[in-house]
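Trainee: I should like a close look at a single part of this model, together with its surroundings. Would you please set out the details in one connected account?

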Amino acid sequence: MAARMVEVGGKPEVLRVARARGVIRLREETVRRILEGRVEKGDPLAVAQVAAILAVKKTPEIVPLCHPIPITGVKVDFDVRDREVEVTVEVRAVARTGVEMEALTGVMAALLAIWDVVKAYEKDERGQYPETEIYGVKVLEKVKGGRLEEG
C-alpha cells in the first residue's frame with residue numbers, strides 16, 4: 001500500500017486550533033536547578049519554547065504526509081513540578097486542515113530540548129538515564145471553525 005497526501009483543496013479555510021501536552025520526568029535536583037537558573041547549558045524552558053515554535057513551523061518537513069499550512073500563532077506553556085515539567089503547546093491557523101500534528105510536534109520538540117539541556121544532571125554513574133522519561137503526549141483539544149475554550 002502506497003502512502004498519499006490527502007487532498008484538501010476543496011475544503012474551506014477556517015480557524016483551526018489544537019492544544020497538545022506532554023511531560024518529562026526528571027530528578028528532583030534537576031528540577032531545582034531549572035527553577036534556580038543553575039543549568040550550565042542555559043535556561044531549558046527558553047530553549048524548549050523556541051524549539052517548540054520552530055518544530056511547529058517545520059512539521060511538514062518532519063511528518064511526511066502533513067500539509068504545509070500558514071501558522072498564525074503558537075503558544076507554549078510550562079508547568080514545573082517536583083519531578084516533572086509539563087509542556088502544553090497551542091497552535092492556531094486559518095487553513096483547510098487541522099493543526100494537531102503541529103501541536104504534537106511542538107510538544108515533542110520542547111520535551112526533547114529540555115532533555116538535551118539537562119541531560120548532564122540526569123545521567124547515572126554508567127551514563128544511563130534511569131529516571132528520565134517522556135510520557136503522556138496527547139492532543140487535549142482541537143477546534144475547527146469555532147473557538148477553543150480556555151481551560
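Mentor: The natural place to begin is the contact of helix 2 with helix 3. In this predicted model, Pro44, Leu45, Val47, Ala48, Ala51, Ala52, Ala55, Val56, Thr59 and Ile62 in helix 2 meet Met101, Glu102, Thr105, Gly106, Ala109, Ala110, Ala113, Ile114, Val117 and Val118 in helix 3. Sorted by class, the residues of this contact are 16 nonpolar, three polar and one charged.

The geometry of the pair can be stated next. Two packed helices are described by the angle between their axes and the distance between those axes. Helix 2 spans residues 44-62, and its axis comes within 7 Å of the axis of helix 3, crossing at roughly 140°. That angle makes helix 2 oblique to helix 3. The crossing of helix 2 past helix 3 is right-handed.

One residue of this contact merits separate attention. Threonine 105 belongs to helix 3. With a relative accessible area of 12%, threonine 105 is buried, since a value under 20% counts as such. If neighbours within four places in sequence are left aside, threonine 105 is in contact with Ala55, Thr59, Ile62 and Val63. Phenylalanine 78, by comparison, is 27 residues from threonine 105 in sequence, and the C-alpha to C-alpha distance of the two is 16 Å.

Helix 3 also has a second helical partner. Helix 1 (residues 28-36) packs with helix 3 (residues 100-122) at an angle of about 130°, and their axes are 9 Å apart. Helix 1 and helix 3 are therefore oblique to each other. Here, too, the crossing is described as right-handed. On the side of helix 1, Thr30, Arg33 and Ile34 take part, and they meet Val118, Tyr121 and Glu122 in helix 3. The classes represented in this contact of helix 1 with helix 3 are three nonpolar, one polar and two charged residues. Val118 of helix 3 is named in the contact with helix 2 and again in the contact with helix 1.

Beyond the helices, helix 3 must be placed against the sheet. Helix 3 lies across strand 1 (14-25), strand 2, strand 3 and strand 4, and runs at about 25° to strand 1. The sheet itself is open, with four strands in the order 2-3-1-4 and antiparallel pairing. Strand 2 (71-80) and strand 4 (133-144) are the edge strands, each pairing on one side only. With direction ignored, neighbouring strands of the sheet are turned by 15° against each other on average.

Within the sheet, strand 3 can be followed through its two partners. Strands of a sheet pair through backbone hydrogen bonds, either parallel or antiparallel. Strand 3 (residues 84-95) pairs with strand 2 in the antiparallel sense over nine bridges, and with strand 1 in the antiparallel sense over 12 bridges. Strand 2 and strand 3 form a hairpin, with three residues between them. Particular positions illustrate the pairing: aspartate 77 has threonine 88 of strand 3 as its bridge partner, and valine 76 stands opposite valine 89 in strand 3. Valine 89 is also the bridge partner of alanine 20. Strand 3 is mostly covered, with 10 of its 12 residues buried.

A position outside these elements offers a further point of reference. Methionine 5 lies in the segment before strand 1. Its relative accessible area of 39% makes methionine 5 partly exposed. Methionine 5 and leucine 65 are separated by 60 residues in sequence, yet their C-alpha atoms are 5.2 Å apart in space. Apart from neighbours within four places in sequence, methionine 5 is in contact with Leu65, Cys66 and His67.

Finally, the whole chain gives the setting for these parts. The protein chain has three helices and four strands, following the pattern β-α-α-β-β-α-β along the sequence. Its C-alpha atoms fill a box of roughly 55 × 40 × 20 Å, taken along the principal axes. Of the 151 residues in the protein chain, 37% are buried. Among contacts between residues at least 6 apart in sequence, 77% join residues at least 24 apart.

How values were computed
Residues are numbered from 1 along each chain as its sequence is written. This is a predicted model: local features need pLDDT of at least 70, side-chain atom pairs count only at pLDDT 80 or more; totals for chains, interfaces and linings use all residues. Side-chain values use heavy atoms; hydrogens and water are left out. Axes are lines fitted to C-alpha atoms, for helices over the stretch in contact, and angles run from 0 to 180 degrees between N-to-C directions. Helices (H or I, at least four residues) and strands (E, at least two) are DSSP runs, numbered from the N terminus. Angles under 35 degrees count as roughly parallel, over 145 as roughly antiparallel, 65 to 115 as roughly perpendicular and the rest as oblique. A crossing is left-handed if the near helix is turned anticlockwise from the far one by less than a right angle, and right-handed if clockwise. Contact means heavy atoms within 4.5 Å. Ala, Val, Leu, Ile, Met, Phe, Trp, Tyr, Cys and Pro count as nonpolar, Asp, Glu, Lys and Arg as charged, and the others, Gly among them, as polar. Two strands pair if DSSP finds at least two bridges between them. Buried means under 20% relative accessible area, exposed over 50%, partly exposed in between (1.4 Å probe, protein chains only).
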